[in-house]
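Please look over the sequence and the fold together before reading on. The paragraphs below go through a few local features, one after another.

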Amino acid sequence: MRQKRENEQKSESLPEDRSSEVRISRRRLLTLGAAGTVAVTGTLLGASVSMARQEGDVTRSVYGEPDDCSSCEPFIRQVAEEAASETVQEALLGVNLKTDWLFNVKEFGAKGNAKYRNPANGQYYQDSAYTMPADDDTAAFNLALLASEEHTGGNNTPLKRTVFVPAGDYLIAGTVYVRKGQHLKGDGIGSVRILIPVTSRTEPTFLMGRAVIGGVMQVDSGGLAPSISDLSTEGGSTVSAVFDCGTTAGISLFNLFITAAGIGVAGAAGDLQAYNLTVDMCQIGMVLPDRGQRNVITACSFFWNKISIRVTGSTYDTIISDCNFAFNSFQDIELRAPTDGGSIKNVSIRNCNFTANGQYATYSGAIIFYNVSDTDVAISDCAFRNLYGYGVVSLGTSANNAVVISDCIFDGNKTHHEFVQGTTSKGISMGNNDVTVSSCLFRNLKGGYAIRVGGTSGRLMVDNCKWRGNTANYFIEVTAAGTEVTAVHNTGDDVLPLINCFTGAKVFLADNQKWLGTIQTGSSKKYVKIPTFDGQLNALVRITANPLPGGSAAYRKTALFSVYRYTDAAGGAATDYIAKTLLSQAPAGTAPAIDIDLALDTVTGGGSGGSVPNRYVIVAVPESWTKLDIAVE
């Protein structure tokens with residue numbers, strides 16, 4: 001106690017001019033900048049050394065004898081030179097910066113009083129009677145973020161800090177600059193609202209990695225990337241973004257709710273990390289611009305936007321995963337022709353849900369390729385439900401894109417009884433592109449197509465897929481000569497045929513099950529139509545039926561035939577022929593025997609005709625046969 005009183009007395013006896021030098025507010029310090037901090041540091045530390053030399057027992061125990069302070073002076077000089085260090089700021093501010101890098105925007109004048117919006121004029125007020133206009137907190141935010149300070153660069157910059165936004169409703173009518181190394185953190189999505197007037201300003205609301213110094217905008221050099229989290233925004237310019245990453249790479253945006261903006265997020269030059277964003281009722285939810293790279297968009301929800309994500313430039317090495325897209329009125333993900341003349345490379349879209357239970361007539365598809373060429377995109381483990389249009393579609397002049405679609409579900413039924421059931425859902429349409437569809441399920445599609453492909457350079461591989469309950473003419477619809485299709489190991493529903501027989505298409509089929517469609521009846525026959533291409537067919541046909549008149553349930557027989565089609569010119573006009581060979585029949589030797597009739601194109605088309613590259617081979621049995629199953633491999 002005695003030492004404490006002595007120290008208090010000595011502190012009170014400090015000369016007035018020196019005492020005034022020591023009394024500096026924390027807010028004032030933060031506005032001085034690095035140079036000002038150095039000057040203040042030198043003054044205060046000089047005063048401390050002088051005081052230390054005059055202290056009694058307590059000071060002596062720390063510094064040694066009054067005449068010998070040489071051991072502390074090197075330390076003093078080091079601290080003065082490193083004015084931004086934690087030790088100096090602790091001395092000046094009285095905080096422990098090892099645990100306290102947190103600064104509150106309300107310490108810098110933010111009010112957060114924009115509680116009410118007048119729908120008549122779009123302005124914000126403090127009271128529900130609209131008599132007290134809300135304060136614009138743009139300047140306070142920028143003061144807390146040191147938006148006019150020089151950035152020293154490197155990871156040890158004094159701008160490296162967290163700026164905290166407590167609960168409140170903050171009107172931001174200008175641009176807030178979030179510097180490199182800073183984290184603008186709200187108190188939570190539900191408690192921090194950033195209210196942005198709806199205007200046509202071309203400037204964004206939050207601009208990352210930049211500052212305005214001396215009236216001139218500058219880009220921060222070096223240092224860690226900035227980040228923003230845990231707040232919500234409402235409104236914004238109709239032509240600019242709420243969060244604009246500018247040319248700064250590595251930006252993190254997480255735990256944000258963005259609603260009613262022209263553009264929610266304008267992506268960075270690269271390495272954008274967007275996690276747990278809810279983007280709602282925006283014209284465009286997110287734009288990934290030219291030269292974007294290594295972007296990761298994950299665990300985000302996009303609702304009621306016109307376009308959720310637009311990729312506009314030479315974006316590459318980008319992942320969109322674990323996202324939910326619902327009720328969007330134009331499209332969910334748009335891959336648009338780059339404006340820089342490049343192409344989109346190595347984009348992965350995976351484990352996402354696409355639903356259009358709202359059924360907007362303007363909806364053109366979940367994933368759109370629009371006038372793009374030479375891209376490569378992988379789409380996997382996604383679900384497409386109750387869409388108004390296609391799940392994946394190529395529009396405009398899109399061509400020569402390499403697209404792999406795997407382990408996805410295309411389902412035309414709504415997901416909840418209260419939603420609007422669509423009647424136009426489709427699967428995939430990819431035109432002149434190189435597309436592989438593997439291990440996907442297509443069911444209940446009501447719009448006419450499961451997979452559609454066409455174009456002289458279109459190439460389609462369909463492997464290990466299943467389809468059932470679709471309203472269409474064919475599972476795969478070929479629309480142009482020259483299209484190459486390979487379909488292997490697929491399983492249908494014995495209702496919808498696998499593929500149409502389009503003239504000029506190049507098709508290879510193998511090991512497909514239940515793919516011929518419904519057994520048809522006509523001319524006293526039951527029959528199936530086998531599509532053949534390039535004048536060739538070499539198939540195994542298995543017939544299982546009860547061939548007895550009246551259809552006795554006690555008798556059932558199976559026969560296996562080799563059926564082939566060939567063309568013979570024989571010195572004249574080319575002629576198509578069809579032939580069969582019985583390979584086996586069981587039970588053997590019992591009557592009546594299983595036999596089949598063959599014809600070209602129609603059940604009465606005969607066994608030969610003028611040569612046509614792509615045509616049907618008809619396999620028919622008597623109409624009286626029951627329990628009939630026809631399988632073709």
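Strands, in the sense used here, are DSSP runs of E that span at least two residues and are numbered, as helices are, from the N terminus. The model is a predicted one, and with that in mind the walk can begin at a loop between two such strands, S26, which covers residues 365–370, and S27, which covers residues 376–380. Asn371 is found in this loop, and although Asn371 is not a glycine, its phi is positive, at about 55°. Most residues other than glycine have a negative phi. As for its surroundings, Asn371 has a relative accessibility of 27%, and therefore counts as partly exposed.

On the other side of S27 comes the loop that leads to strand S28 (383–385), and Asp381 is found there. Asp381, which is not a glycine either, has a positive phi of about 55°, and its relative accessible area of 43% makes it partly exposed.

A positive phi also appears in a hairpin, this time at a glycine. Strand S10, made of residues 210–213, pairs with strand S11, made of residues 216–219, in the antiparallel sense and over four bridges. Within this pairing, Ala211 of the hairpin stands opposite Gln218 in S11. Two residues lie between the strands of the hairpin, and Gly214 takes a positive phi near 60°.

The next feature concerns a peptide bond. Between strand S45 (575–586) and strand S46 (597–600) runs a loop that contains Pro587. The bond that joins Ala586 and Pro587 is cis, with an omega of about -5°. Most peptide bonds, by contrast, are trans.

The last topic is the cysteines: how many disulfides does a search of the whole structure find? The search finds zero, and two cysteines can show why a bond is not assigned, given that a disulfide requires a pair of cysteine sulfur atoms within 2.5 Å. For Cys352, the closest cysteine sulfur belongs to Cys323 and is 4.8 Å away, which is too far for a bond. For Cys465, the closest cysteine sulfur is that of Cys440, and because the distance is 4.8 Å, this too is too far for a bond. As to accessibility, Cys352 counts as buried, with a relative accessibility of 1%, and Cys465 likewise counts as buried, at 1% relative accessibility.

Note on methods
Residues numbered from 1 in each chain as written. Predicted model: local features only at pLDDT ≥ 70, side-chain atom pairs only at ≥ 80, totals over all residues. Heavy atoms only, no water. Pairing = 2+ DSSP bridges. Buried < 20%, exposed > 50% of the residue type's maximum accessible area, 1.4 Å probe, protein only.
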